[in-house]
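This note is addressed to a colleague who is meeting the structure for the first time. Please read the points below alongside the sequence and the model.

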Amino acid sequence: MVKWHNNFSTHDFHDAEFQRHRNKFRLFMSEDMSDLGLASFDKSEKNDTKMSRGLIYRKGEVSCTVESVGTCGDSVVIIPSRHDGLLVTKIESGAFVNCEFMISLCFGSEIAVVDDMAFVFCDTLKRIYFRGSKDDWDKISFGKGNDVLKEATLYLFSEKNPGLQGNFWHWDKNGKAEVW
């Protein structure tokens, strides 16, 4: 939920409504503000204000699936936790087949199923930024033909530097995935 304040009133905009009308908003910063990152708008650890555009989704009654890469050509493909208010819980077969442009993939623990051959021939995929724990990752049902997901380097989300050995990442002040 985004709250909009002015001298006369306060307005609440739900996430989906804000996303539909985001180009109509202007932000004015006072001179004493030096930086305004994506985290200023979203305090959740999932930071779903950042997502790849052009992905095609199939909506169900309570959740949706990633059906196809559509017109997305991002080298870092970010699948949001929610699309149009519905949890994104599945990546369908062939959704990212032969995506030679994709170097990194970011998605969350809401994904429960990756269908057979969803990421076949994605040989350029080298990094996965997972918004969840190792236990969450291990709970995902990976279908056949998605070996590239197991071969890529897996980074687990940690809002603060965990100081542990392993692969961890967070959103930097510009809303980009950054390895700790």
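1. The model is predicted. In it, C99 has a relative accessible area of 2%, and C99 is therefore classed as buried.

2. A second cysteine belongs beside this one in the discussion. C122 has a relative accessibility of 1% and likewise counts as buried.

3. Is either cysteine part of a disulfide, or neither? The sulfur of C122 has its closest cysteine sulfur in C99, at 4.9 Å, which is too far for a bond. A disulfide requires two cysteine sulfur atoms within 2.5 Å. By this criterion the model contains zero disulfides. C99 accordingly takes part in none, the sulfur of C122 being the nearest cysteine sulfur to it at 4.9 Å.

4. How are the strands of the sheet ordered? The open sheet is built from six strands, which follow one another as β5-β8-β10-β12-β13-β14, with mixed pairing. The edges are formed by β5, residues 76–78, and β14, residues 177–179, each of which pairs on one side only. On average, neighbouring strands of this sheet are turned by 30° against each other, with direction ignored.

5. Within the sheet, one pair of strands may be examined in detail. Strand β12, covering residues 153–157, runs parallel to strand β13, covering residues 168–171, and two bridges join them. F157 has W169 of β13 as its bridge partner.

Key
Residues numbered from 1 in each chain as written. Predicted model: local features only at pLDDT ≥ 70, side-chain atom pairs only at ≥ 80, totals over all residues. Heavy atoms only, no water. Pairing = 2+ DSSP bridges. Helix = DSSP H or I, 4+ residues; strand = E, 2+ residues; numbered from the N terminus. Axes fitted to C-alpha atoms, helices over the stretch in contact; angles between N-to-C directions. Buried < 20%, exposed > 50% of the residue type's maximum accessible area, 1.4 Å probe, protein only.
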